Each structure stands twice: as structure tokens, then as C-alpha cells.
Amino acid sequence: RPLQLGRMLPMIAQFGVEHIVLTGSLKVPKDYFGSHLLREPQSITEKLIDGLCQSGDVRMPKVWIRKNLRDFLASSEIDLLFPPEEYTRVIAHPQRRGDDDNNNDISKRMK
């Protein structure tokens with residue numbers, strides 16, 4: 001939720017996170033992307049600066065907002081942002097027993 005995200009962004013910056021990718025998914029209501037926090041990049045920047053001031057760090061995390069997680073993972077953009085030679089890719093996904101979605105390209109690309 002945007003309100004909780006606004007509270008978490010300073011803490012994320014304090015941890016020294018380098019990249020933040022915010023995406024939607026099937027269960028994310030569409031109106032979340034209409035919130036002032038996600039419509040106005042300056043709001044996100046202010047929250048991150050608050051966290052950096054508390055931690056004494058000077059590196060601003062890079063933030064990307066993508067409305068569709070599946071499209072983001074399937075695109076070549078992920079390879080440009082996070083080259084497999086430099087980054088370990090981890091997806092936390094609670095798959096239910098009996099789901100037959102193991103044959104999609106996304107899970108193969110993330111290995």
C-alpha cells in the first residue's frame with residue numbers, strides 16, 4: 001500500500017539498498033499507481049533523502065516503477081538493469097501445490 005511504502009522508503013534507504021523496483025501484479029489494485037507517492041517522483045525522493053539523512057549515507061537508491069511484474073521480468077530491461085554476471089536474482093513467490101505454471105519462460109530466465 002502507498003501509505004506503508006511511504007513509511008518504508010526511509011528505512012530502505014538507511015539499509016543502503018542500491019536499487020528499488022516497484023511493480024504491480026494481478027493482486028495489486030490499479031489505483032495504487034494513482035497515489036500521490038507513485039505519481040510524483042519527488043515524493044519518493046524526499047522519503048529516501050529522509051532515510052539517508054538518518055543513516056549518514058550519501059548514495060541515493062535508484063528507483064524504477066513498472067506497472068506489470070510479468071512484463072518487467074520477461075523483458076530485456078531486467079538484463080540491462082541487473083546483469084546476471086553482476087547480480088544474484090531472487091524471486092520470493094509462494095507457489096501453491098498443484099500449480100502448473102512451472103513451464104513459463106520467466107522461471108527459466110531467472111536461473
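So, where does valine 17 lie? Valine 17 sits in the loop between helix H1, residues 2-14, and strand S1. Before I go on, keep in mind that what we have here is a predicted model.

Okay, the overall layout. The protein has 6 helices and 2 strands. Reading from the N terminus, the order of elements is α-β-α-α-β-α-α-α. There are 111 residues in the protein, and 28% of them are buried.

Back to valine 17. With a relative accessible area of 30%, valine 17 is partly exposed, because that value falls between the 20% limit for buried and the 50% limit for exposed. Valine 17 also belongs to a nonpolar patch on the surface, together with Met8, Met11 and Phe15. Taken together, those four have about 420 Å² of accessible area.

Let me stay with helix H1 for a moment, since that's where glutamine 14 is. Glutamine 14 comes out as partly exposed, at 35% relative accessible area. Its C-alpha is 7.0 Å from the C-alpha of glutamine 54, and those two are 40 residues apart in sequence.

Here's another pair of that kind. Glutamate 46 belongs to helix H3, residues 41-55, and is partly exposed with a relative accessible area of 44%. From glutamate 46 to leucine 9 you count 37 residues in sequence, while the C-alpha to C-alpha distance is 9.4 Å.

And one more. Phenylalanine 33 is in the loop between S1 and helix H2, which is residues 36-39. Is phenylalanine 33 buried or exposed? Phenylalanine 33 counts as buried, because its relative accessibility is 16% and the cut-off for buried is under 20%. In space, phenylalanine 33 is 8.5 Å from proline 2, C-alpha to C-alpha, with their positions 31 residues apart in sequence.

Now, charges. How many salt bridges does the structure hold? Just 1. The partners are glutamate 77 and arginine 66, and their closest N and O atoms are 2.4 Å apart. Glutamate 77 is in helix H5, residues 77-81, and arginine 66 is in strand S2, residues 62-66, so the pair ties together parts that are 11 residues apart in sequence. As a general point, side chains of opposite charge can pair when their charged atoms come close. Both ends of this bridge have some accessibility: glutamate 77 is partly exposed at 25%, and arginine 66 is partly exposed at 24%.

Last topic, the pocket. I'm talking about the second largest pocket, which has a volume of about 430 Å³. Its lining comes to 15 residues, and the closest to the centre are Val21, Phe72, Phe82, Val90 and Ile91. Which elements each supply at least two residues of that lining? That would be strand S1, residues 19-23, and helix H4, residues 69-74. S1 gives the largest share, with 4 residues.

What about the chemistry of that lining? By class, the second largest pocket is lined by 11 nonpolar, 3 polar and 1 charged residues.

So, to pull a thread through this: S1 comes after the loop that holds valine 17, and S1 is also the element with the largest share of the second largest pocket's lining. That's what I had; happy to go back to any of these on the model.

Note on methods: Residues numbered from 1 in each chain as written. Predicted model: local features only at pLDDT ≥ 70, side-chain atom pairs only at ≥ 80, totals over all residues. Heavy atoms only, no water. 1 Å grid on protein atoms, 1.4 Å probe; cavity = no way out; pocket = protein on both sides within 12 Å on 5 of 7 lines; lining within 4 Å. Points joined across faces, edges and corners; volume = space filled by probe spheres on them. Nonpolar A, V, L, I, M, F, W, Y, C, P; charged D, E, K, R; others polar. Patch = residues over 30% accessible without salt bridge, like charges linked within 9 Å, V, L, I, M, F, W, Y side chains within 5 Å. Areas by Shrake-Rupley, 256 points an atom, 1.4 Å probe, with all protein chains shown as cover. Salt bridge = Lys/Arg side-chain N within 4 Å of Asp/Glu carboxyl O. Buried < 20%, exposed > 50% of the residue type's maximum accessible area, 1.4 Å probe, protein only.
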